[in-house]
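Thanks, everyone. I'll walk through one model this morning and stop at a handful of residues. Have the viewer open, please.

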Amino acid sequence: MRSIERLLMQYGESHQNKTNVIIHAIAVPSIYFVTIGLFWSIPVPDFIAQFDVTWAHIIALPVLYYYFLLSGPIGAAMTLLTILCFGAINTLEHFNITVWSFSLVLFVVMWALQFIGHHIEGKKPSFFDDLRFLLVGPAWWWVHWLKRMNISY
């Protein structure tokens, strides 16, 4: 069994309840977005800032590399999500919305929703056993969309 299949199977074990799945379908990509927003908000040294690069850009590279190691289609899908997140952050800035405060509030709300979902499910979050599941969650979210588009992962 491929690593991605094993990870998705393990992740799926604590995501069987329909309500929990719906909550995660909303919360997981939202948390990915706001996590990028929080890293975006951390000031970078001037020698990095001159290239219009943030910590979010720097951290995105190894994260996306990990997704491509798991699966090419998931890596491509996560690249798309990451680009959309950067675009949304630029939109927040365009409308003078403070990225860090927006991201922090949404981060807390979405994590609270996920814990409510796991309470309903009656199972603890997967990342309590293995921190990799913090990255597997968005891949799990994408697999549902990839399957609907008949794209094997």
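Arginine 132 first. Its side chain makes a polar contact with the side chain of aspartate 130, at 2.8 Å. Bear in mind that this is a predicted model. Where does arginine 132 sit? In the loop between helix 6 and helix 7. Its relative accessible area is 34%, so arginine 132 is partly exposed. Leave out residues up to four places away in sequence, and arginine 132 touches Arg6, Leu7 and Tyr66. Now a long span. Phenylalanine 51 is 81 residues from arginine 132 along the chain. The C-alpha atoms of those two residues are separated by 31 Å.

Next, a helix pair. Helix 1 covers residues 3-13, and helix 7 covers residues 133-148. Their axes come within 10 Å. The crossing angle is roughly 95°. Angles from 65 to 115 degrees count as roughly perpendicular, so helix 1 is roughly perpendicular to helix 7. Who makes the contact? From helix 1, Ile4, Leu7, Leu8, Gln10, Tyr11 and Gly12. From helix 7, Phe133, Val136, Gly137, Ala139, Trp140 and Val143. How many residues of each class are in the contact of helix 1 with helix 7? Nine are nonpolar, three are polar, and none is charged.

Stay with helix 7 for a moment. Tryptophan 145 lies in this helix. Its relative accessible area is 39%, so tryptophan 145 is partly exposed. Tryptophan 145 and alanine 77 are 68 residues apart in sequence. In space, C-alpha to C-alpha, the two are 9.5 Å apart.

Now the histidines. Start with histidine 15, in the loop between helix 1 and helix 2. Is histidine 15 buried or exposed? Buried, because its relative accessible area is 5% and the cut-off for buried is under 20%. Its side chain reaches the backbone oxygen of tyrosine 11 at 2.5 Å. A second polar contact, at 3.4 Å, joins the side chains of histidine 15 and histidine 118. Set aside the neighbours within four places in sequence. Histidine 15 is then in contact with Asn20, Val21, His24, His118, Glu121, Ser126 and Trp140.

That list includes His24, so take histidine 24 next. Histidine 24 lies in helix 2, residues 18-41. Relative accessibility is 1% here, so histidine 24 counts as buried. What does histidine 24 touch, not counting residues up to four places away in sequence? Tyr11, His15, Pro29, Gln114, His118 and Trp140. Compare the two histidines. Histidine 15 contacts His118 and Trp140, and histidine 24 touches His118 and Trp140 as well.

Helix 2 also holds lysine 18. Buried or exposed, this lysine 18? Exposed, because its relative accessible area is 65% and exposed means over 50%. Lysine 18 and glycine 117 are 99 residues apart along the chain. Their C-alpha atoms are separated by 9.4 Å.

On to the core. The largest nonpolar core has 38 residues. Which of them touch the most other members? Tyr32, Ile36, Tyr67, Ile74, Met78 and Leu81. Several helices feed this core. Helix 1, helix 2, helix 4 (55-70), helix 5 (72-94), helix 6 (99-121) and helix 7 each supply at least two residues. Zoom in on isoleucine 36. Neighbours within four places aside, isoleucine 36 is in contact with Ala56, Thr82, Cys85, Phe86 and Ile89.

Last item, backbone angles. Most residues other than glycine have a negative phi. Two residues to check against that. Aspartate 52 has a positive phi of about 60°, although it is not a glycine. Where is aspartate 52? In the loop between helix 3 (46-49) and helix 4. With a relative accessible area of 66%, aspartate 52 is exposed.

The other is asparagine 96. Its phi is near 55°, again a positive value in a residue other than glycine. Asparagine 96 has its place in the loop between helix 5 and helix 6. At 71% relative accessibility, asparagine 96 counts as exposed.

To recap the backbone part: aspartate 52 is in a loop, and asparagine 96 is in a loop. That's my tour. Comments welcome.

Definitions and conventions
Residues numbered from 1 in each chain as written. Predicted model: local features only at pLDDT ≥ 70, side-chain atom pairs only at ≥ 80, totals over all residues. Heavy atoms only, no water. Axes fitted to C-alpha atoms, helices over the stretch in contact; angles between N-to-C directions. Helix = DSSP H or I, 4+ residues; strand = E, 2+ residues; numbered from the N terminus. Parallel < 35°, antiparallel > 145°, perpendicular 65-115°, else oblique. Contact = heavy atoms within 4.5 Å. Nonpolar A, V, L, I, M, F, W, Y, C, P; charged D, E, K, R; others polar. Buried < 20%, exposed > 50% of the residue type's maximum accessible area, 1.4 Å probe, protein only. Core = buried A, V, L, I, M, F, W, Y, C linked by side-chain atoms within 4.5 Å. Polar contact = N/O pair within 3.5 Å; in protein donor to acceptor, adjacent residues only side chain to side chain.
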